[in-house]
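User: I would like a close look at one part of this model. Please take a single strand and work outward from there.

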Amino acid sequence: MAKRKGLVINDRQLDLCDDLLRKLKDVTGSTFLALISTSGQPITTASDDYHPETLSLASLAASSFAATQQLASILDEKEFTLLFHEGKSSNLHVSQVSDQVLLIITFGRETQVGKVRLYTQRAIEVLRPIFEGSDEENEALSVDVDYEATAGKAIDDLFADLEGQP
């Protein structure tokens with residue numbers, strides 16, 4: 001059984017993502033951008049005025065993307081990395097950043113789809129290394145057995161003095 005790595009994002013990584021999303025929003029003329037996990041949890045967003053139901057949008061986009069991956073499998077494709085929905089007044093563009101992260105972009109009909117796709121591909125090239133850090137980097141952020149034992153003893157020592165007191 002394959003072990004799924006947890007998605008751990010530190011403040012520096014989040015700041016880099018926020019900065020990139022703001023720049024991508026400005027250059028594409030998009031109305032709303034979000035990084036979400038493939039499980040449907042929002043990570044961060046960029047928006048001026050338009051605030052869709054972010055949690056619902058993230059969950060539904062992740063589910064739709066998962067269904068798209070199954071379609072790829074049926075068609076003997078390794079994967080589909082892009083999902084696009086076109087509406088009367090707005091469009092939804094969902095791209096895969098990493099195994100665990102998706103990028104959602106909404107934009108109006110006045111924005112050129114090609115422009116969004118071009119800049120999104122470049123943004124993904126910048127975002128991907130942020131989320132695909134080495135295992136050593138991720139292990140450095142995880143709680144190890146020694147820390148857990150030491151923390152447990154420290155907590156026990158704190159409450160040892162209180163035992164027996166009303």
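Which two strands form a hairpin, and how many residues lie between them?

Analyst: This is a predicted model. The hairpin is formed by β1 and β2, with four residues between them. Gly-40 sits in the turn and has a positive phi of about 95 degrees.

Start with the pairing. β1 covers residues 32-37, and β2 covers residues 42-47. The two strands run antiparallel and are joined by five bridges. Within β2, Thr-44 is the bridge partner of Leu-35. β1 also pairs with β5. That pairing is antiparallel too, with six bridges. Here Ala-34 has Ile-104 of β5 as its bridge partner.

Now the burial of β1. Six of its six residues are buried. In a regular strand, side chains alternate between the two faces of the sheet. In β1, one side carries Phe-32, Ala-34 and Ile-36, and the other carries Leu-33, Leu-35 and Ser-37. Both faces are covered.

Next, the cores. The largest nonpolar core has 18 residues. Leu-35 is among those with the most contacts inside it, as are Val-97, Leu-103, Ile-105, Leu-127 and Phe-131. The elements giving two or more residues to this core are α1 (11-28), β1, β5 (101-108) and α3 (113-131). α3 gives the most, with six residues. A second, separate core has 13 residues. Ala-34 and Ile-36 belong to this second core, and so do Leu-102 and Ile-104.

Ile-105 shows the packing around the largest core in detail. Leaving aside residues up to four places away in sequence, Ile-105 touches Phe-32 and Leu-33. Its other contacts are Leu-24, Ser-30, Asn-91, Leu-92, His-93, Val-116 and Thr-120.

Then the approach to β5. Ser-98 lies in the loop between β4 (90-96) and β5. Ser-98 counts as buried because its relative accessibility is 6%, and the cut-off is under 20%. Beyond residues up to four places away in sequence, Ser-98 touches Phe-131 and Glu-132. Phe-131 is one of the residues with the most contacts inside the largest core.

Last, the surface. Tyr-119 is in helix α3. Tyr-119 is partly exposed, with a relative accessible area of 33%. Together with Val-27 and Leu-118, Tyr-119 forms a nonpolar patch on the surface. The three residues have about 260 Å² of accessible area together. So α3 gives six residues to the largest core, and Tyr-119, also in α3, is partly exposed.

Key. Residues numbered from 1 in each chain as written. Predicted model: local features only at pLDDT ≥ 70, side-chain atom pairs only at ≥ 80, totals over all residues. Heavy atoms only, no water. Core = buried A, V, L, I, M, F, W, Y, C linked by side-chain atoms within 4.5 Å. Buried < 20%, exposed > 50% of the residue type's maximum accessible area, 1.4 Å probe, protein only. Contact = heavy atoms within 4.5 Å. Pairing = 2+ DSSP bridges. Patch = residues over 30% accessible without salt bridge, like charges linked within 9 Å, V, L, I, M, F, W, Y side chains within 5 Å. Areas by Shrake-Rupley, 256 points an atom, 1.4 Å probe, with all protein chains shown as cover. Salt bridge = Lys/Arg side-chain N within 4 Å of Asp/Glu carboxyl O.
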